[in-house]
Amino acid sequence: MSIKYYAKISGTGMSVPEKVLTNFDLEKIVDTTDEWIRTRTGMSERHIASKNEAASDLAYNATLKAIEAANIRNKDIDMIIVATISGDHPFPSTACIIQQKLGLKGFPAFDVSAGCTGWIYASNIAKQYIENGVAENILVIGVEILTKITNWKDRGTCILFGDGAGATIISRAGERDISRFIDSELSADGTHYDLLIQQAGGSRIPASNESVGENLHTVYMEGNKIFKNAVRSMYHACDVVLKRNHLDVHSIDWLITHQANLRIIQALGKKLKIDDKKVIVNIEKYANTSSATIPMALDEAIRNGKIQHGDLVLLASFGAGLTSGSLLLRI
Ligand code: ACO
C-alpha cells in the first residue's frame with residue numbers, strides 16, 4: 001500500500017477507578033501472600049471498579065483527557081475504535097456508547113477483540129485509516145474491567161487483574177512533523193485459543209444457571225503456558241519491526257510492553273538486549289489491565305516527562321487468542 005499520509009499520536013489520557021485493592025487485601029480473599037504476588041508478578045496493588053462503574057465510564061474519562069492533550073474538539077473525531085474484552089455489554093460495541101457520550105454520530109465506531117493485544121491491533125487499524133486518507137482524528141481506546149469477570153476463588157488468576165482505561169487520539173501528521181507511526185506487526189496463533197478464555201456467555205455455551213454455577217463466565221487461564229508464549233511472541237514482533245526498519249535495539253529510546261508480569265517484561269528486555277532504564281514499568285500500581293496497560297503506561301510516561309517529543313518508542317503486547325503484536329513510533 002502506498003502511504004499518502006502519516007499517522008501520529010496527538011494526545012493521550014488514562015483513567016482508573018478510585019478503589020484500590022492491595023496484595024494484603026487479597027490475602028483475605030484467597031490463599032496467597034503479598035510476598036508471593038510481588039515476587040512472582042511484580043504487582044502490589046490494583047484499581048477495582050465499583051458496582052456501578054462500567055468500561056465506557058472509565059473510557060470516557062480517559063477520552064476527555066486525550067482530547068484535551070491533542071488540542072482538538074469532540075467534533076474533530078471521525079472514527080472510534082475500542083479494544084476491549086469486557087465492554088459494557090456483549091453488544092452493542094462500547095465504541096458506540098462512547099460516541100453517544102461524546103455527543104457525536106455519523107462515522108464508524110466499533111470494538112476490537114484481541115485480548116491484551118487489543119490496543120496494538122486497534123492502533124494498527126487506525127494507522128491504516130489515517131495513512132489512506134479516510135480519517136484524520138481517530139479515538140483509540142484500550143479499556144478493561146476484568147475484575148467483573150474474574151473468578152475470585154482462583155488464586156492463580158484473581159490476583160493478576162486490575163481495571164483501567166487508556167485513550168489515544170491518532171491523527172494525521174503534518175508534512176514536517178517528526179512524530180509518526182513507523183511500523184507495526186500483528187500476529188495470532190489460534191491453535192492456543194483455549195489457554196485464555198471466557199468460556200460461557202457466547203453462542204457455544206449460552207448463559208444458564210449451570211454456566212454461572214460452574215464459574216464459566218469468568219477468566220480461565222493456563223498461566224504457565226501463556227508465560228512461555230508471551231516472551232517468544234513479543235520478541236518476534238519486536239525483532240520483525242526492528243529488522244524491517246534497519247534499526248538496532250540501541251536506537252530505541254523506550255520500550256513499553258504489556259504489563260502482565262514483571263518477570264515477562266524483564267525476560268523480554270533481556271532477550272532484546274535493551275538497557276533496563278529504557279523499559280517502562282508501572283505494573284506495581286495497576287496490575288494487568290489487559291488492553292489498557294500500554295496506553296496507560298504511555299500516557300503516564302508522557303505526562304511525567306519520561307517520554308519526550310521526538311523519542312523513538314517500541315510497544316509490544318500479547319494476549320488472548322493467542323494474539324501478539326508490536327508498534328514502532330516516534331512521539
Ligand atoms: N498465591 C500463592 N501461591 C500461588 C498463587 C497465589 N496467588 N497462584 C498460584 N500459586 C501456586 C500454585 O498453586 C503452584 O503451587 P504448587 O507448586 O504447589 O502446584 C505454585 O504457586 C506455582 O504456580 P505456577 O502457576 O507455576 O506459578 P508461576 O510462577 O507460573 O506464576 C502466573 C503464575 C503469575 C500466573 C504466571 O504464570 C504468569 O504471569 N503467566 C502469564 C499470565 C498472563 O500473562 N496472561 C495473559 C494476559 S491476560 C489477558 O490477555 C486477559
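This tour moves from the ligand outward to the surrounding loops, a helix, the cysteines and some unusual backbone geometry in a predicted model.

**The ligand and its shell**

Select the ligand first, and then display the 27 residues that surround it, the closest being Thr32, Arg40, Cys116, Asn261 and Arg263. Two of these closest residues can be picked out for their side chains: an oxygen atom of the ligand is 2.7 Å from an N or O atom in the side chain of Arg40, and an oxygen atom of the ligand is likewise 2.7 Å from an N or O atom in the side chain of Asn261. At Gly223 the partner is the backbone instead, where a polar atom lies 3.0 Å from a nitrogen atom of the ligand. Of the 1,000 Å² of accessible area that the ligand has on its own, the protein covers 74%.

Now colour the elements that give two or more residues to this shell, namely helix 2 (34-41), helix 6 (155-158), helix 8 (223-244), helix 9 (262-272) and strand 13 (312-319). Helix 8 gives the most, with 4 residues, and the shell taken by class has 13 nonpolar, 10 polar and 4 charged residues.

**Two buried loop residues**

Go next to Val30, in the loop between helix 1 (23-27) and helix 2, which counts as buried at 10% relative accessibility. If residues up to four places away in sequence are set aside, Val30 touches Trp152, Lys153, Arg155, Cys158 and Ile159.

From there select Thr150, in the loop between strand 6 and helix 6, where a relative accessibility of 7% again counts as buried. A polar atom of the Thr150 side chain lies 2.7 Å from the backbone oxygen of Leu146, and beyond its sequence neighbours up to four places away, Thr150 touches Cys158, Phe161 and Thr218. Cys158 is therefore a useful residue to keep displayed, because it is in the contact list of buried Val30 and in that of buried Thr150.

**Helix 4 and its ends**

Select residues 94-101 to show helix 4, whose buried residues are Thr94, Ala95, Ile97, Ile98 and Gln99. These buried residues pack against helix 3 (55-70), strand 4 (79-83), strand 5 (109-112) and strand 6 (137-145). Cys96, by contrast, is partly exposed, with a relative accessible area of 34%. After the helix comes Gly103, whose phi is positive, near 70 degrees, while in the loop between strand 4 and helix 4 you will find Pro92, joined to Phe91 by a cis peptide bond with omega near 5 degrees.

**The cysteines**

How many disulfides does a search of the whole structure find? The search finds 0. Cys238 is one cysteine to select here, as the nearest cysteine sulfur, that of Cys116, is 16 Å away; Cys238 is buried, with a relative accessible area of 0%.

**Further backbone stops**

A cis peptide bond also joins Gly321 and Leu322, with omega about -5 degrees, and Leu322 sits in the loop between strand 13 and strand 14 (323-330).

Finish with two residues other than glycine that have positive phi. Asn71, in the loop between helix 3 and strand 4, has phi near 60 degrees and is exposed, with a relative accessible area of 69%. Lys273, in the loop between helix 9 and strand 12 (279-280), has a positive phi of about 60 degrees and counts as exposed at 64% relative accessibility.

Note on methods:
Residues are numbered from 1 along each chain as its sequence is written. This is a predicted model: local features need pLDDT of at least 70, side-chain atom pairs count only at pLDDT 80 or more; totals for chains, interfaces and linings use all residues. Side-chain values use heavy atoms; hydrogens and water are left out. A disulfide is a pair of cysteine sulfur atoms within 2.5 Å. Buried means under 20% relative accessible area, exposed over 50%, partly exposed in between (1.4 Å probe, protein chains only). A residue is near a molecule or strand if one of its heavy atoms lies within 4 Å of it. A polar contact is a pair of N or O atoms within 3.5 Å; within protein, one must be able to donate a hydrogen and the other to accept it, and residues adjacent in sequence count only if both atoms are side-chain atoms. Accessible areas come from the Shrake-Rupley method with a 1.4 Å probe; for residues, only the protein chains shown count as cover. Ala, Val, Leu, Ile, Met, Phe, Trp, Tyr, Cys and Pro count as nonpolar, Asp, Glu, Lys and Arg as charged, and the others, Gly among them, as polar. Contact means heavy atoms within 4.5 Å.
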